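Got your viewer open? Let's take a walk through this model, one selection at a time.

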Amino acid sequence: MTVENVKNYLEKFGFENRLLEFETSSATVELAAQAVGTKPCRIAKTLSFLVDGQAILIVAAGDARIDNPKFKAHFHAKAKMLTPDQALEMVGHAVGGVCPFALPPDVGVYLDKSLSRFETVFPAAGSAASAVELTCEELERCSSNFKGWVDVCKGWQQTAQDMA
């Protein structure tokens, strides 16, 4: 997958003109925040996991970390991240550019509630030097194979209190 594939996918929703491409890497939360010009917590990182032999994606706020007990309680499986090779093969995006757009039909997307405190967030858009700004409602609407909202992260609540 490429940024062009994601741009074509986002066109169905009228969001293609919001796609941002950078001269520098945005492959990590910190780099993406610098490239976009926002706080790291507003970066919507897309994490890829293997559950029952299938890839799933969890999109979470940049300051959130997977809470293993919550993950296991929700998915009835241990949180096992995909390797970079598995991510490319199963999801179609390389690590650093994994995003919830233009995915194979068997890859489910879940949005973590850590995102819901922001008016807009910035997920990657198919490469390690891209992003797109969306509201949470827009992100839900245009995420491929959207399965639902989950509460499987920790660490972000403290940041939310600090921001208040």
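One term before we start: buried means under 20% relative accessible area, exposed means over 50%, and partly exposed is in between (1.4 Å probe, protein chains only). You're looking at a predicted model, where local features need pLDDT of at least 70, side-chain atom pairs count only at pLDDT 80 or more, and totals for chains, interfaces and linings use all residues. Residues are numbered from 1 along each chain as its sequence is written, and side-chain values use heavy atoms, with hydrogens and water left out.

**Stop 1: Lys70 and Asp151**

Select Lys70, which is partly exposed at 27% relative accessible area. Now add Asp151, also partly exposed, at 33%. They form a salt bridge (a side-chain nitrogen of Lys or Arg within 4 Å of a carboxyl oxygen of Asp or Glu), and their closest N and O atoms are 3.1 Å apart. Lys70 sits in helix 3 (68–75), while Asp151 is in the loop between strand 9 (146–150) and strand 10 (153–154), so the pair ties together parts that are 81 residues apart in sequence. Helices (H or I, at least four residues) and strands (E, at least two) are DSSP runs, numbered from the N terminus. Add Lys113 too: salt bridges that share partners join Lys70, Lys113 and Asp151 into one network.

**Stop 2: Arg18 and Glu138**

How many salt bridges does a search of the whole structure find? The count is 6. For another one, pick Arg18 and Glu138, whose closest N and O atoms are 2.6 Å apart. Arg18 lies in the loop between helix 1 and strand 1 (19–21) and Glu138 in helix 5, so this pair ties together parts that are 120 residues apart in sequence. Arg18 is partly exposed, at 32%, whereas Glu138 is buried, at 13%.

**Stop 3: the core**

Next, try Leu10, Ile58, Ile66, Phe71, Phe75, Phe101 and Leu115. In the largest nonpolar core, which has 50 residues, these touch the most other members. Such a core is a set of buried Ala, Val, Leu, Ile, Met, Phe, Trp, Tyr and Cys residues joined through side-chain atoms within 4.5 Å. Which element gives the most to this core? Strand 3 does, with 7 residues.

Zoom in on Phe75. Leaving aside neighbours within four places in sequence, Phe75 is in contact (heavy atoms within 4.5 Å) with Val51, Ile56, Ile58, Tyr110, Val150 and Val152.

Last selection: a second, separate core of 7 residues, including Val29, Ala32, Ala33 and Ala131.
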